[in-house]
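New to this one? Take a look at the model first, then use the notes underneath as a quick guide.

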Amino acid sequence: MAGDTDPYTTLNKLLAEFRFAMLTTVDLDGKLVAHPLTVQEREFDGDLWFIVGKDASAVQQLDVNPNAGVTLSSDSSWVSLAGTAEVVEDHAKLEELWNSVVEAWFPDGPSDPRVGLLKFSADSAEYWDSPGGKIATAVAFVKSKVTGETYDGGDNAKLDL
C-alpha cells in the first residue's frame, strides 16, 4: 500500500485484514487494561463491532469510562484506533454478526441474555504498513544495517475520523 494511496482507503484495507484486536479500557484505578476480542465486522465506517459477555470486565469498565483504544497487528502492518465504546442493544445486528466461532463462547446463541454487542466508535487512527510483508521488511532492515541508512519501515499516517 503505497504512500500515494488515500490514507482512509489504506486504513480500510488494513482493517479488513485483521481478525483479532486488543480493546484497551481504563479500570477503576485509572490503569489501562487490554482485552483480546474478535473483530466481527470487516467493513470499517468508523465503528468496529465485537460480541462480548455483558458481565465482562471490559463492559464494566466502559460503563464507568467509555474512552477506549483498539490495536490490531500482523507481521507487516499495525493499526491503533482511539475513541469510545459501549454495549448496544441491537438484536438484529447481533443476529447479523453471529457465527459459529462466537457460539463456542456462547452456546445458547444470540438470544442468550448474557451476550452483548460492543460498538467501538473511532475518533482517530494511526497505521503503519510495510508493503511486501515480513520478507520485504527484513530485507529493508538488513539493507539499513549494511548501508548505515535509516530504516524506512513503510507507510504511516495519522487520521481524524
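Here is a short briefing on the helices, the cores, the largest pocket and one stretch of chain worth tracing.

Keep in mind that this is a predicted model. Its largest nonpolar core has 28 residues, and its largest pocket has a volume of about 340 Å³. Helices α1 and α2 each have buried residues, and that's a handy place to start.

**Helix α1**

- In α1, the buried residues are Thr 10, Leu 11, Leu 14 and Leu 15.
- Those residues sit on the same side of α1, because they cover an arc of only 130° around the axis.
- Packed against the buried residues of α1 you'll find β4, β5, β6 and β7.

**Helix α2**

- Helix α2 runs over residues 57-64, and its buried residues are Ala 58, Val 59, Gln 61 and Leu 62.
- Looking down the axis of α2, you'd see its buried residues fall within an arc of 165°, so they line one face of the helix.
- Turn to the face pointing away from that buried side, and you meet the exposed residues Asp 63 and Val 64.
- Plenty of strands help to cover the buried residues of α2, including β1 (20-26), β2 (32-38), β3 (47-53), β4 (67-73), β5 (77-88) and β6 (115-129).

**The nonpolar cores**

- Within the 28-residue largest core, the members that touch the most other members are Leu 23, Phe 50, Val 70, Leu 72, Val 79, Leu 81 and Phe 120.
- At least two residues of this core come from each of α1 (7-17), β1, β3, α2, β4, β5, β6 and β7 (155-160).
- Strand β6 supplies the largest share of this core, with 5 residues.
- Leaving aside residues up to four places away in sequence, Phe 50 touches Ala 21, Leu 37, Thr 38, Val 39, Gln 40, Val 70, Gly 116, Leu 117, Leu 118 and Phe 120.
- There's also a second, separate core of 9 residues, with Ile 51, Leu 97, Phe 106 and Val 115 among them.

**The largest pocket**

- This pocket, at about 340 Å³, is lined by 18 residues, and the closest to its centre are Pro 36, Leu 37, Ile 51, Val 52 and Phe 106.
- Two or more lining residues come from each of β2, β3, α2 and α4 (100-103).
- Strand β2 gives the most to the lining, with 4 residues.
- What kinds of residues make up the lining of the largest pocket? They divide into 13 nonpolar and 5 polar, with no charged ones.

**From Ser 111 to Leu 94 and Trp 49**

- You'll find Ser 111 in the loop between α4 and β6.
- Is Ser 111 buried or exposed? Ser 111 is exposed, because its relative accessible area is 55%, and the cut-off for exposed is over 50%.
- From Ser 111, hop to Leu 94: the two are 17 residues apart in sequence and 9.0 Å apart in space, C-alpha to C-alpha.
- Leu 94 belongs to helix α3, residues 91-97.
- At 6% relative accessibility, Leu 94 counts as buried, since buried means under 20%.
- Not counting residues up to four places away in sequence, Leu 94 touches Ile 51, Pro 110, Val 115 and Leu 117.
- One more hop takes you from Leu 94 to Trp 49, 45 residues apart in sequence and 9.4 Å apart in space, C-alpha to C-alpha.

How values were computed
Residues are numbered from 1 along each chain as its sequence is written. This is a predicted model: local features need pLDDT of at least 70, side-chain atom pairs count only at pLDDT 80 or more; totals for chains, interfaces and linings use all residues. Side-chain values use heavy atoms; hydrogens and water are left out. Buried means under 20% relative accessible area, exposed over 50%, partly exposed in between (1.4 Å probe, protein chains only). The arc is that of the directions from the helix axis to the C-beta atoms. Contact means heavy atoms within 4.5 Å. A nonpolar core is a set of buried Ala, Val, Leu, Ile, Met, Phe, Trp, Tyr and Cys residues joined through side-chain atoms within 4.5 Å. On a 1 Å grid over the protein atoms alone, a cavity is a set of points where a 1.4 Å probe fits but cannot get out, and a pocket is an open set with protein on both sides within 12 Å along at least five of seven lines; lining residues have an atom within 4 Å of a point. Grid points are joined across faces, edges and corners, and a volume is the space filled by probe spheres set on the points. Ala, Val, Leu, Ile, Met, Phe, Trp, Tyr, Cys and Pro count as nonpolar, Asp, Glu, Lys and Arg as charged, and the others, Gly among them, as polar.
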